[in-house]
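Here are a few short exercises to work through at your own pace. Keep the sequence and the model side by side, and try each task before you read its solution.

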Amino acid sequence: MTRKQLATIHKALLAAFVLAAAAMADRYLASVDITNKLSRGIVLIVHCKSGDDDLGPRALEANWTFGMTFHQNFFGGTLFWCDLAVEDKRLSFTAFDESDHETYIKAFEVSDGGVDGVDSFSGEMVHVCGWRVVTHLNF
């Protein structure tokens, strides 16, 4: 085999690898949205993180949405949780758990009653968790 033939084969294998990696990366891409539906135009503080990433606190005005897009771990186990704070209330909830095959929620709404989410399988709104009153916020 000539050098030119070997170079052509090498380029073809490299291109196939790049295409396969790109297709796999899209397969593991996930997104989660959190929308502030609190009454009275209250600003919501959202702080989401995983074992690898801390997205930092963000202030969401009324009806604003914070969207997270991330790649799931190739070998599984991706977990994102969010801490929410408003006035004298706080809560924490799991925003994405790759191992939870019972419920897969990608869109959350935060209201005066807590956090609700749209179940991707059934399309129904489910209550995720409620607020708890705290005397101080360590955010």
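**Exercise 1. A strand and its cover**

How many of the eight residues of β5 are buried?

Solution. A word before we start: this is a predicted model. Begin by finding strand β5, which runs over residues 79-86. Next, apply the cut-off: a residue is buried when its relative accessible area is under 20%. Six of the eight residues in β5 are buried, so the strand is mostly covered. One residue to check is F80, which counts as buried because its relative accessibility is 4%.

**Exercise 2. Laying out the sheet**

Find the order of the strands in the five-stranded open sheet, and name its edges.

Solution. Start with the order, which reads β3-β2-β5-β6-β10, with antiparallel pairing. Then look for strands that pair on one side only: these are β3 (54-60) and β10 (132-133), the edge strands. Now turn to the neighbours of β5. On one side, strand β2 (residues 44-50) pairs with β5 over six bridges in the antiparallel sense. Strand β6 (residues 89-97) also pairs with β5 in the antiparallel sense, here over eight bridges.

**Exercise 3. Who faces whom?**

Which residues stand opposite L84, W81 and V86 of the model?

Solution. Take L84 in β5 to begin with: V46 stands opposite this residue. Moving to the pairing with β6, you will find T94 opposite W81. Finally, V86 has K89 of β6 opposite.

**Exercise 4. Positive phi**

Which residues other than glycine have a positive phi near 45 degrees or of about 70 degrees, and where do they lie?

Solution. Recall the background: most residues other than glycine have a negative phi. Now go to the hairpin of β5 and β6, which has two residues between the strands. Here E87, in the loop between β5 and β6, has a positive phi near 45 degrees. The other case to find is N63, with a positive phi of about 70 degrees although this residue is not a glycine. N63 sits in the loop that runs between β3 and β4 (65-71). Is N63 buried or exposed? Its relative accessibility is 54%, so N63 counts as exposed.

**Exercise 5. Aromatic rings**

Describe the pair of F70 and F80, and say what parts of the chain this pair ties together.

Solution. Two quantities describe such a pair: the distance of the ring centres and the angle of the planes. The count of aromatic pairs comes to three. For F70 and F80, the centres are 4.4 Å apart and the planes make an angle of 40 degrees, a tilted pair. F70 lies in strand β4 and F80 in strand β5, so the pair ties together parts that are 10 residues apart in sequence. F70 counts as buried because its relative accessibility is 7%. To finish, add F96: ring pairs link F70, F80 and F96 into a cluster.

**Exercise 6. The disulfide**

Locate the one disulfide in the structure and work out its handedness.

Solution. The disulfide joins C48 to C82, with an S to S distance of 2.0 Å. C48 belongs to strand β2 and C82 to strand β5, so the bond ties together parts that are 34 residues apart in sequence. The torsion about the S-S bond is about 105 degrees, so this disulfide is right-handed. Lastly, check the surroundings: both C48 and C82 are buried.

Definitions and conventions
Residues are numbered from 1 along each chain as its sequence is written. This is a predicted model: local features need pLDDT of at least 70, side-chain atom pairs count only at pLDDT 80 or more; totals for chains, interfaces and linings use all residues. Side-chain values use heavy atoms; hydrogens and water are left out. Two strands pair if DSSP finds at least two bridges between them. Helices (H or I, at least four residues) and strands (E, at least two) are DSSP runs, numbered from the N terminus. Buried means under 20% relative accessible area, exposed over 50%, partly exposed in between (1.4 Å probe, protein chains only). Rings of Phe, Tyr and Trp (its six-membered ring) pair if their centres lie within 6.5 Å; planes under 30 degrees apart count as stacked, over 60 as edge-to-face and the rest as tilted. A disulfide is a pair of cysteine sulfur atoms within 2.5 Å.
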